[in-house]
Amino acid sequence: MTVHPSLQTYADAWTHSIEAISELVQPLVEGEWNRATPCPGWSVRDLVSHVIGMECEMLGDPRPIHTLPRDLYHVRSEFARYMEMQVDVRRHHTGPEMTSELEYTIIRRNRQLRNENRAPDTMVRAPLGAQQTLELAYRMRAFDVWLHEQDLRTTLGRPGNLDSPGALVARDNFLAILPKVVAKDAGAPPNSAIVFDVSGPVEFLRTVRVDADGRGTVDGAPSLGPAATLALDWETYVRLAAGRVRPAAVADRIKVEGDADLAAAILDSFAITP
């Protein structure tokens, strides 16, 4: 493989997760494709359609020319409309059509990865006509397919891969946004520290420190006098950060010490996915 070393981690994570998705959906009977997933308004078919559509965009395929119905309650923004196009165009596809297109798309993307010789800072297409670096595109695809693999596992009752390569990409993505969640969105007070103690298949201890100007940073050193400490398991962290569940629904899986109001504000701001 000629992919740049800094892209290899993301390519490997993507491969692991997309093959897991393929294995999960291959044996499904027609009715199972209609089962609701944790993504609002999306069935198993819709979720797999989204994955296929995003991979086709990585391949440079033209976007479908399609008019969305007006009664899709979960489509509330331009970003959601953009994402829904690849989904709605496949809504009447059968299970065999879905698995065939998924397999063909994986083959094409694997070929693209084998022949990849672009630099990580090459600018490529991003949603809504924007541009992003190739490295960011690779990272976001690895993150997205792992997250949707977990959505499928939840829906189908097939837990697993909570510690796979994609899980580590997800962890880094979630941690990168954590200072903003704590300092800006939740309004943690200046000169405070908030500790996150996460256990399970992926475990870590991180402290978000808010400086005198209200800016947040994250590090791995414990705090001697944190304003609040939130202890929770990795699966709950993922579901909260991905917006798949509200804090009240998993309150029994979160232990809070210190400022309860601040912890509640952080949890209310925790979801980072659109």
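Author: A friendly starting point: helices and strands here are DSSP runs, numbered from the N terminus. With that in hand, S164 can be placed in the loop between helix 5 (134-156) and helix 6 (165-185). Please keep in mind that this is a predicted model.

Reader: Thanks! How many helices and strands does the protein have in its secondary structure?

Author: The count is eight helices and seven strands.

Reader: And how do I read the radius of gyration of the protein, with its 274 residues?

Author: The idea is to set the value beside what a compact globule of that length would give. For 274 residues that would be near 19 Å, and the protein has 20 Å, so the two agree. Along the principal axes, the C-alpha atoms fill a box of roughly 55 × 40 × 35 Å.

Reader: What share of the contacts in the protein with a separation of 6 or more joins residues 24 or more positions apart?

Author: Such pairs account for 64% of those contacts. On burial, 49% of the 274 residues are buried. The accessible surface comes to about 13100 Å², and carbon and sulfur atoms hold 53% of that area.

Reader: How far apart are the mean positions of the positive and negative charges?

Author: They are 4 Å apart, taken over 29 positive and 37 negative charges.

Reader: Back to the loop residue, then. Is S164 buried or exposed?

Author: The general idea is a cut-off: buried means under 20% relative accessible area. S164 has 4% relative accessibility, so this serine counts as buried.

Reader: Which residues does S164 touch, leaving aside its neighbours within four places in sequence?

Author: Those contacts are with H16 and W146. There is also a link inside the loop: a polar atom of the S164 side chain lies 3.1 Å from the backbone oxygen of N161.

Reader: Then N161 deserves a look. What is its phi?

Author: First the general idea: most residues other than glycine have a negative phi. N161 has a positive phi, near 60 degrees, and is not a glycine. Its place is in the loop between helix 5 and helix 6. With a relative accessible area of 22%, N161 is partly exposed.

Reader: Where does L128 lie, and what sign does its phi have?

Author: L128 lies in the loop between strand 1 (123-125) and strand 2 (131-133). Its phi is positive, about 60 degrees, although L128 is not a glycine. Because its relative accessibility is 47%, L128 counts as partly exposed.

Reader: Could we try a helix residue too? Which helix holds T105, and is T105 buried or exposed?

Author: T105 belongs to helix 4 (residues 95-114). Its relative accessibility is 3%, so T105 counts as buried. Leaving aside neighbours within four places in sequence, T105 is in contact with I52, E55, C56 and L59.

Reader: How should I read the spacing of T105 and A20?

Author: Set the separation along the chain beside the separation in space. T105 and A20 are 85 residues apart along the chain, while their C-alpha atoms are separated by 14 Å.

Reader: Let me try the same reading on V89. Where does V89 lie?

Author: V89 sits in the loop between helix 3 (78-88) and helix 4. From C-alpha to C-alpha, V89 and T67 are 8.7 Å apart in space, with their positions 22 residues apart in sequence. Beyond its neighbours within four places in sequence, V89 is in contact with P64 and H66. At 31% relative accessibility, V89 counts as partly exposed.

Conventions:
Residues numbered from 1 in each chain as written. Predicted model: local features only at pLDDT ≥ 70, side-chain atom pairs only at ≥ 80, totals over all residues. Heavy atoms only, no water. Helix = DSSP H or I, 4+ residues; strand = E, 2+ residues; numbered from the N terminus. Rg over C-alpha atoms; globule rule 2.2 N^0.38 Å. Buried < 20%, exposed > 50% of the residue type's maximum accessible area, 1.4 Å probe, protein only. Contact = heavy atoms within 4.5 Å. Areas by Shrake-Rupley, 256 points an atom, 1.4 Å probe, with all protein chains shown as cover. Lys, Arg positive; Asp, Glu negative; His and termini not counted. Charge placed at Lys NZ, Arg CZ, Asp CG, Glu CD. Polar contact = N/O pair within 3.5 Å; in protein donor to acceptor, adjacent residues only side chain to side chain.
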